[in-house]
Amino acid sequence: MADVVEALDKFSNYKDSQASRDREMQYELLKKSTTLYVGNLSFYTTEEQIYELFSKCTTPEEGGGIKRIIMGLDRNSRQALQVLTPCGFCFVEYYSHNEALACMRYISGTKLDERIIRCDLDIGYKDGRQFGRGRSGGQVRDEHRQDYDAGRGGWGAQAQAQ
Ligand code: GTA
């Protein structure tokens, strides 16, 4: 078990509170994962910008590349704006595990739209995971944030409500 935990930490420190997989199962999925979670995005960063950056370590000549990008969405934004708007994260799916791993290693910690982004190997996208889980509709971290972040809607949702 200690081996699994150590190996798992190389891929991801994230534990999904809404999924009931144990660490060994999570490791089995991450070992062959082709999906990255990308966090700390600006709400204004577009899918095209993400596509351009995350194509940097791909090998299209070998049949690789990006399969699809799933933008994280504020599930409540439609009420005000008629459309669901980005809420600062996305999933990038590749054709191969090696591309996902290479992009995680080389792109995580670099800047996109002046923000340091964080990449994490993900166990795989399922419908519903594109939505923020915070009470206000965006991500949980933006619910609790105490700082002012212009690229992510200003004050955190709880701070705004006070
Ligand atoms: N693979 O790191 C990740 C990751 N994150 C952060 C979210 N997702 C991730 N996937 C991977 N790696 O599909 C995925 C989720 C979901 C979608 C939106 O993105 O699986 P979310 O961000 O709205 O909610 O998810 P999630 O992931 O359930 O939030 P979590 O883990 O509770 O909290 C995220 C961060 O918020 C914490 O690390 C902490 O910094 C902060 N936070 C949480 N609760 C509190 C609190 N009570 N007080 C202060 N800060 C808090």
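## Two faces of helix 3

Glu48 and Glu52 are exposed, and they sit on one side of helix 3. Turn to the other side of this helix, which spans residues 47-54, and you find Ile50, Leu53 and Phe54 buried. Those three cover an arc of only 85° around the axis, so they end up on the same side of helix 3. Keep in mind that this is a predicted model.

What lies over the buried residues? The cover on helix 3 includes strand 1 (35-39), strand 2 (66-73) and strand 3, along with helix 5 (97-107), strand 4 (111-112) and strand 6. Two of those names, strand 3 and strand 6, come up again around the ligand.

## Asparagine 40, in a loop but buried

Now for the loop that runs between strand 1 and helix 3, which is where you'll find asparagine 40. Is this residue buried or exposed? With a relative accessible area of 18%, asparagine 40 counts as buried, because the cut-off for buried is under 20%.

The side chain of asparagine 40 has a couple of arginine partners. One polar contact, at 2.8 Å, goes to the side chain of arginine 115. Another, at 3.3 Å, goes to the side chain of arginine 141. Setting aside neighbours within four places in sequence, asparagine 40 also has Gly88, Ile116, Ile117 and Arg152 among its contacts.

## Who surrounds the ligand

How many residues surround the ligand? There are 18, and the closest are Tyr14, Arg118, Asp120, Asp122 and Gln139. By type, the shell splits into 7 nonpolar, 4 polar and 7 charged residues.

As for where they come from, strand 3 (86-94), strand 6 (118-122) and helix 6 (140-144) each put in at least two residues. Strand 6 gives the largest share of the shell, with 4 residues.

## Polar pairs at the ligand

Which side chains pair up with ligand oxygen atoms? Tyrosine 14 has a polar side-chain atom 2.6 Å from one ligand oxygen. Arginine 118 does something similar, with a side-chain N or O atom 2.7 Å from an oxygen atom of the ligand. On the nitrogen side, aspartate 122 places a side-chain N or O atom 2.6 Å from a nitrogen atom of the ligand. Taken alone, the ligand exposes 890 Å², and the protein buries 68% of that area.

Note on methods: Residues numbered from 1 in each chain as written. Predicted model: local features only at pLDDT ≥ 70, side-chain atom pairs only at ≥ 80, totals over all residues. Heavy atoms only, no water. Near = heavy atom within 4 Å. Polar contact = N/O pair within 3.5 Å; in protein donor to acceptor, adjacent residues only side chain to side chain. Areas by Shrake-Rupley, 256 points an atom, 1.4 Å probe, with all protein chains shown as cover. Nonpolar A, V, L, I, M, F, W, Y, C, P; charged D, E, K, R; others polar. Buried < 20%, exposed > 50% of the residue type's maximum accessible area, 1.4 Å probe, protein only. Arc of directions from axis to C-beta. Contact = heavy atoms within 4.5 Å.
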